[in-house]
Amino acid sequence: MAENIVFFNKDVLIIKPPKKSLVVLRLIVLVFSMVFGIYICSICSKQINIQTNNTFLDIQEIQRPCYHSLVDRSQIPFLHYPNPKTFNRLECAGNPVRLFAILSMQRSGSGWFETLLNSHINVSSNGEIFGSKIRRNNISAIIKTLDRVYNLDWFTSSSKNECSAAIGFKWMLNQGLMEHPKEIVDYFNDNGVSVIFLLRRNVLRRLVSMLANSYDKDAKVLNGVHVSHVHSREEASKLSTYRPTINITSLTLDLRDMETTAMKALEYFNSTRHMILYYEDLIKNSSKLIEVQDFLKLPHMKLTSRQVKIHKGSLSEHIKNWNDVNSTLYGTTYQKLLQADY
């Protein structure tokens, strides 16, 4: 196609481009503008996504516990930040909680020991929660109960709720504990539960206490009401008037069975973080309570209890057939139990 040439004068020559070329140029510019716009939009979209992801990361970081720089890093698995379903921990939500379980046997001083622990302002020990059979029918029921306790959703008169620094309970060896040792050990280790074994060296005294307590369940010596623990010397004196007769035929075997059960428990739960306490040591040495507070990483406090010991003094005063018991155990490995007095 011939180009249009326009002459204005001799010196100026203007060549006028064809109309179709101008249309093509405009299309090219339009396409370029669209492509560039799409590119800019894609860049902006990526930046928005990055900012959104960073926001989510920041929120997760805020929800993650912030450990104090002085905290022993080895202790972090034992620090917990419960989120109870039944109440709000409010300003204490950032305070760590330690979990514990007192493993013991009936009439070994666990009730007295627990009242001592609960006298600490930062401790909630919730009693013998597996006394109810329905809570220990199977391992699923046990785990469900443990989860409630350690999430602070278990309420007793000992619960201090929001600002508890240590949460636990006492668990008797004959309450499902020895039937599911592997699963319970795994739970304790996976959830950072510390174990306090509370045992009694003098199993003969434990036997006397068990027989006397069993008698009172029917006799109800104190005003027609059965009590396992008392808070006055008068009440203790009344309960101690009953002197059980011990079956000497099975006595040695009964004492051995008690010791064997305790030894099995120590073996089963040896892989947990634990400490071993003896009732006799607690009575004679108050510094043992400091060791317990150190074990649970608690600030030291003077721990007190209103409970009064029932069977004090020589065992000869509390066993009806004392002479038979004495002659049966004399010369055996259990002879030392006869003389123990506290």
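## A tour from strand 8 to the cavities

Start by selecting strand 8, residues 274–278, where the side chains alternate. Met275 and Leu277 point to one face and are buried. His274, Ile276 and Tyr278 point to the other face and are not buried. Keep in mind throughout that this is a predicted model.

Now add strand 7. Strands 7 and 8 run parallel and are joined by 5 bridges. To see one pairing, pick Ile196 and look across to its bridge partner in strand 8, Met275. Met275 is also one of the buried residues of strand 8.

**Strand 3**

Select residues 98–104 next. How many of the 7 residues of strand 3 are buried? The count is 7 of the 7, so the strand is largely enclosed by the rest of the structure. Show the side chains and check both faces. Arg98, Phe100, Ile102 and Ser104 lie on one side, Leu99, Ala101 and Leu103 on the other, and all are buried.

Which strands pair with this one? Take them in turn:

- Strand 7 runs parallel to strand 3, with 6 bridges between them. Select Phe100 and find its bridge partner in strand 7, Ser194.
- Strand 6 is parallel to strand 3 as well, joined to it by 3 bridges. Here Ser104 has Met172 of strand 6 as its bridge partner.
- Strand 5, residues 166–168, pairs with strand 3 in the parallel sense over 2 bridges. Leu99 stands opposite Ile167 in strand 5.

**Salt bridges**

Side chains of opposite charge can pair when their charged atoms come close. With a cut-off of 4 Å between nitrogen and carboxyl oxygen, the count is 4 salt bridges. Visit three sites.

Go to Lys170 and Glu128. Their closest N and O atoms are 3.8 Å apart. Lys170 is in strand 6 (residues 170–172), and Glu128 is in the loop between strand 4 (123–125) and helix 3 (139–150). The pair links distant parts of the chain, 42 residues apart. Buried or exposed? Lys170 has 8% relative accessibility, so it counts as buried. Glu128, at 33%, counts as partly exposed.

Move to helix 5, residues 181–190, and select Lys182 and Asp186. The salt bridge has its closest N and O atoms 3.1 Å apart. The two residues are 4 apart in the helix, so about one helical turn separates them. Lys182 is exposed at 60% relative accessibility, while Asp186 is partly exposed at 33%.

Then select Asp281 and Arg201, whose closest N and O atoms are 2.9 Å apart. Asp281 sits in helix 9 (residues 279–284) and Arg201 in the loop between strand 7 (193–199) and helix 6 (203–219), so the salt bridge ties together parts 80 residues apart in sequence. Asp281 is partly exposed, at 22% relative accessibility. Arg201 is partly exposed too, with a relative accessible area of 41%.

**A nonpolar patch**

Turn to the surface and colour Leu27, Leu30 and Met34. Together they make a nonpolar surface patch of about 310 Å². Leu27 lies in helix 1, residues 19–63.

**The cavities**

Last stop: the empty space inside. A search of the whole structure finds 2 cavities of 30 Å³ or more. What is the volume of the largest cavity? Its volume is about 110 Å³. It is lined by 14 residues, of which Ala212, Asn213, Asp216, Leu239 and Ile310 are the closest to its centre. Highlight helix 6 to finish. This helix gives the most to the lining of the largest cavity, with 5 residues.

Conventions. Residues numbered from 1 in each chain as written. Predicted model: local features only at pLDDT ≥ 70, side-chain atom pairs only at ≥ 80, totals over all residues. Heavy atoms only, no water. Salt bridge = Lys/Arg side-chain N within 4 Å of Asp/Glu carboxyl O. Buried < 20%, exposed > 50% of the residue type's maximum accessible area, 1.4 Å probe, protein only. Pairing = 2+ DSSP bridges. Patch = residues over 30% accessible without salt bridge, like charges linked within 9 Å, V, L, I, M, F, W, Y side chains within 5 Å. Areas by Shrake-Rupley, 256 points an atom, 1.4 Å probe, with all protein chains shown as cover. 1 Å grid on protein atoms, 1.4 Å probe; cavity = no way out; pocket = protein on both sides within 12 Å on 5 of 7 lines; lining within 4 Å. Points joined across faces, edges and corners; volume = space filled by probe spheres on them.
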